[in-house]
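User: Hi! I'm new to reading protein models and would love some help with this one. Could we go through it together, one question at a time?

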Amino acid sequence: MTERLVFGYGTERHVGQTPDPPSLRPGEQGPAPTPETPRPAGKRERRDWAFTGLLAFTAALYFRPQDQIPGFAWVPFAEISAIIGLAAMAYGRVTRGLSLTRLTPELIGIAALGFVILLTAPFSIWPGGAVGTFTNVFVKVLLIYMLMVNTLTSPDRLHRFMRLVMLVTGYIATRAMFDYLRGINLIENGRVQGAIGGMFQNPNDLALNMVAVLPLSVLVAIRSKTTAGKLGAAFLGCMMIGAVTATHSRGGFVGLAVMVLILGVQLARRQPAAAGAGALVILLALPFTPSSYWERVSSITDSSLDASGSREARRILLREAWRTFLHFPLYGVGAAQFPNYNPPGRVETWRETHNVVLQVASELGVFGLLAFGFLLVRAFAAGRITRRLLRRASGAAPPRWPGAANIRAGQPAVISPDERQYLDAHAGAMMAAVIGWFVCALFASVAYSWTFYYLLALAAAPHTILADRLAQHAPARRTTATRLAEVRV
């Protein structure tokens, strides 16, 4: 079940939205570039209530304090945090003469998916239910993503936000492991479910979230400057792996294997020692894996080991979802309405598709599939885009403007070496996270759930930050290129 949401807006000034300087007449020099003034030691960044609201919302979304603190069930912590964040973002941008939000391809893609949900609702088998999916779930996803786009505006903020996601996910993983070891909160012959409700309660969804966030804990462990930080992140990463095992999720196993492979390749290129240490930890942990886990995993290829019959049920659901798409190719049966679509002859009634691609296809038709496919492509390509911009931002590639052909090397860097290393490592971690999520999502119905859109924001934020930095330094570089061209003439 997806969570309830809120609102927010970033107030940090976006350099990419400043007007271009006036053009220069021949022989006239532009103003000298103004160097960035470093923040004095010990002086903290002025509080941005939009970013604070985003952090508070994320903590409330994952921790669900209204479900855990007696007497607070009536307090909408997430909604309050989101309203504060969105209101601060809107106020900050409007008072600076900016548009209500900055636009990115990903934000436009999410808005397009929401438009398809509304556009197809009148043709749904239950129009009210489809509209309710938009108003109760997806519009909140859209607003929170908008908040992330406007507040994740620096590598420092990106790291703080990512670290929070790691901490709250690690807390849920640790609770799941303790429950599993104590033999409580178990279902279906020993599968642990999330101790906290919402998107973590189902074992398969719990495993999916662990797989998606595990690369972030690896990144924090590698980049942390203190031993305590490294050990803490490594411990939470181990808890996430343990939680995936405790769920006995077959989709989680496949997603974890693929994610670890991608992450291992990324690490081996840049941190071979860390890759070797990770491989050693996995090898040492294998003997402690319960035999019941391997038996369930073996049922992926051996149907005789699947005592619950879920393997065959999923195969039937994939076929029924495909038939539904073929029957309603343009508009589907409505957002989140596949479980309610039970025509004569359907075998697995009142069930989800258990495949994110077929979920979108059967519920939103071809236009929804195109919009969601665009978001998937952007998520997959985010790391490559980030690394391409990193080469430009560090001066390794010439900028693209008239006169730049005369400057082939020695471009001034617009990011520090430490920022460059961090964003490069972040790009690799997010590649593994997105691919791991997608593999798990091939066995789950999570198209409208939070996890993907959080990953998309984390993956896309670095190249947005870099694009802003390059736009900020473009006028100074253009002037330099013009002067060098005149000297050559």
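User: What percentage of the 489 residues of the protein chain count as buried?
Analyst: Good place to start, and keep in mind that this is a predicted model. A residue counts as buried when its relative accessible area is under 20%. Of the 489 residues in the chain, the share that meets this is 50%.

User: How many helices and how many strands are there in the protein chain?
Analyst: Strand β1 covers residues 186-187, while helix α7 covers residues 203-223. Counting through the protein chain gives 15 helices and 2 strands.

User: Which element of the protein chain has the highest mean pLDDT, and which the lowest?
Analyst: For the protein chain as a whole, the mean pLDDT is 84, and 83% of the residues reach 70 or more. Among the elements, the top mean, 97, belongs to helix α4 (residues 105-120). At the other end, with a mean of 74, is α15.

User: Over which residues does pLDDT stay under 50?
Analyst: One such stretch is residues 1-43, for which the model has 108 contacts beyond four places in sequence. Another has 24 contacts of that kind. Where pLDDT is low, the predicted coordinates should not be read in detail. So take care with the contacts modelled for residues 1-43 and for residues 476-489.

User: What share of the contacts with a separation of 6 or more comes from residues 24 or more positions apart?
Analyst: Here is one example of residues far apart along the chain: Ser 154 and Asp 468 are separated by 314 residues, with their C-alpha atoms 9.8 Å apart. For the protein chain, among contacts with a separation of 6 or more, the share from residues 24 or more positions apart is 80%.

User: Is Leu 208 buried or exposed?
Analyst: Leu 208 sits in helix α7. Leaving aside neighbours within four places in sequence, the contacts of Leu 208 include Trp 437, Cys 440 and Thr 451. The C-alpha atom of Thr 451 is 8.8 Å from that of Leu 208, although 243 residues separate the two along the chain. The relative accessibility of Leu 208 is 2%, so this residue counts as buried.

User: And is Ser 154 buried or exposed?
Analyst: Ser 154 is in the loop between α5 and α6. The relative accessible area of Ser 154 is 15%, so the answer is buried.

User: Which residues does Ile 187 touch, not counting those up to four places away in sequence?
Analyst: Ile 187 belongs to strand β1. With a relative accessible area of 26%, Ile 187 is partly exposed. Pro 203 lies 16 residues away in sequence, at 8.8 Å from C-alpha to C-alpha. The residues that Ile 187 touches are Gln 193 and Pro 203.

User: What is the volume of the largest cavity?
Analyst: Rolling a probe the size of a water molecule over the atoms shows where empty space is left. In this structure there are 3 cavities of 30 Å³ or more. The space in the largest cavity is about 90 Å³.

User: Which element gives the largest share of the lining of the largest cavity?
Analyst: The lining residues include Thr 104, Tyr 145, Leu 152 and Ala 457. By class, the lining has 7 nonpolar, 2 polar and 1 charged residues. Two elements, α5 (127-151) and α15 (450-488), give two or more residues to this lining. The largest share, 4 residues, comes from α15.

Methods. Residues are numbered from 1 along each chain as its sequence is written. This is a predicted model: local features need pLDDT of at least 70, side-chain atom pairs count only at pLDDT 80 or more; totals for chains, interfaces and linings use all residues. Side-chain values use heavy atoms; hydrogens and water are left out. On a 1 Å grid over the protein atoms alone, a cavity is a set of points where a 1.4 Å probe fits but cannot get out, and a pocket is an open set with protein on both sides within 12 Å along at least five of seven lines; lining residues have an atom within 4 Å of a point. Grid points are joined across faces, edges and corners, and a volume is the space filled by probe spheres set on the points. Ala, Val, Leu, Ile, Met, Phe, Trp, Tyr, Cys and Pro count as nonpolar, Asp, Glu, Lys and Arg as charged, and the others, Gly among them, as polar. Buried means under 20% relative accessible area, exposed over 50%, partly exposed in between (1.4 Å probe, protein chains only). Contact means heavy atoms within 4.5 Å. pLDDT is the predictor's confidence in each residue, from 0 to 100.
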